[in-house]
Amino acid sequence: MSTEANTRTFTHLLVTGGAGFIGSNFVHRTLATRPEVKIHVLDALTYAANPDNLKTEEGIPLEEAYPGRFTFTKGDIVNSAVVDDVVGELAREASGGDGRTSGAAIVHCAAESHNDNSLVDPGVFARTNVEGTVNLAAAAVRHNVFLHHISTDEVFGDLALDDPQRFTTATPYRPSSPYSASKASADHFIRAFIRSKGLRATVSNCSNNYGPRQHPEKFIPRQITALIEGKKPRLYGQGLNVRDWIHVDDHNDAVWTILEKGTEGETYLIGADGERSNIQVVRDLLRIFGQQPNAFLHVTDRPGHDRRYAIDPISIRSLGWEPVYWSFDAGLRETVAWYQNNQQWWKEARVASEEKYSQTEREL
């Protein structure tokens with residue numbers, strides 16, 4: 001691994017999974033704040049993606065809102081030929097035809113990411129999260145393109161609720177679900193390509209994201225959309241499980257910090273000191289909606305449900321990054337407002353996800 005920090009400039013990005021939650025927020029934020037950057041999105045448009053994520057808040061397609069700066073390919077990262085074509089074109093555009101590709105990078109957000117789904121069909125997670133990542137790493141090496149791989153703190157397993165420790169870059173991997181196992185495998189493949197194939201890359205493991213454009217099957221938007229519909233939030237078990245929350249914009253700003261300042265070959269843990277139990281989050285939302293703190297339902301717990309995640313963010317802070325959303329309440333209120341103002345975005349997806357939940361959940 002390199003031990004010398006770099007200052008890099010990227011003008012051409014390929015964002016995988018750019019129609020999903022983290023990816024689409026990364027795209028919108030980059031287009032709005034970095035006028036020198038061109039973005040190409042590669043997304044298979046599975047159920048977890050939404051084509052409306054590639055439009056402005058006014059409904060204008062990003063191709064029209066940012067002419068010459070945004071393009072899109074529908075394709076699956078499991079398809080190595082598609083990946084090679086897209087990465088090759090990215091490299092050619094960034095080089096201007098002279099073979100230099102220092103201005104091109106892949107921001108790899110694409111992933112199957114829902115734990116409950118991974119318990120039902122783990123093979124899908126192995127194909128997308130492992131095979132897809134290998135395809136991207138191989139193409140990045142072939143075309144001399146930098147790659148930033150976005151991973152999760154779930155690869156570390158969990159911590160006891162009373163454990164004073166937090167996850168660090170030295171924490172051993174102990175994945176406990178097919179989802180986290182697939183992400184752990186992807187992380188290892190990236191590091192193997194760095195060492196044995198000369199891949200220029202960085203890795204980040206982030207805590208739980210929240211914010212706009214997150215699929216309503218996920219914990220926070222599931223509770224928000226239920227409350228908007230006049231229904232009670234649903235809480236796994238006793239709700240004591242702890243997650244370390246970070247606003248998606250803070251996460252994506254940290255990714256840009258790593259792209260520009262991170263040391264090649266290194267891993268950075270992204271967190272915002274946002275530990276809260278699930279029951280605390282539900283009560284936060286009930287307060288925002290003006291309801292009583294116990295106006296929720298307990299449902300059967302997820303098998304192998306991790307107890308606590310907690311990130312020590314010293315690695316990302318060493319690059320000068322700090323979160324903007326220090327207040328979880330402020331970020332949560334903005335997120336609630338987005339779902340209230342964009343109900344057409346989530347209505348259909350919520351119906352489908354609640355149908356899935358109805359097959360495995362029961363009230364306690």
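A cavity here is a set of points, on a 1 Å grid over the protein atoms alone, where a 1.4 Å probe fits but cannot get out; grid points are joined across faces, edges and corners, and a volume is the space filled by probe spheres set on the points. The model is predicted, so to speak of local features takes pLDDT of at least 70 and side-chain atom pairs count only at pLDDT 80 or more, while totals for chains, interfaces and linings use all residues. Residues are numbered from 1 along each chain as its sequence is written, and side-chain values use heavy atoms, with hydrogens and water left out.

Two cavities of 30 Å³ or more turn up in the structure, and the second largest holds about 30 Å³ of space. Its lining (residues with an atom within 4 Å of a point) includes Arg-222, Gln-223, Lys-232 and Glu-354. Helix H7 (219-228) gives the most, three residues, and helix H12 (343-358) supplies at least two; helices are DSSP runs of H or I, at least four residues, and strands runs of E, at least two, numbered from the N terminus.

Strand S6 (residues 201-206) is largely enclosed by the rest of the structure, because six of its six residues are buried, meaning under 20% relative accessible area with a 1.4 Å probe and protein chains only. Ala-201, Val-203 and Asn-205 point one way, and Thr-202, Ser-204 and Cys-206 the other. S6 pairs (at least two DSSP bridges) with strand S5 (residues 146-152) in the parallel sense, over six bridges, Thr-152 having Cys-206 as bridge partner. Strand S10 (residues 267-270) also runs parallel to S6, joined by four bridges, with Thr-267 as the partner of Val-203.

Key. On a 1 Å grid over the protein atoms alone, a cavity is a set of points where a 1.4 Å probe fits but cannot get out, and a pocket is an open set with protein on both sides within 12 Å along at least five of seven lines; lining residues have an atom within 4 Å of a point. Buried means under 20% relative accessible area, exposed over 50%, partly exposed in between (1.4 Å probe, protein chains only).
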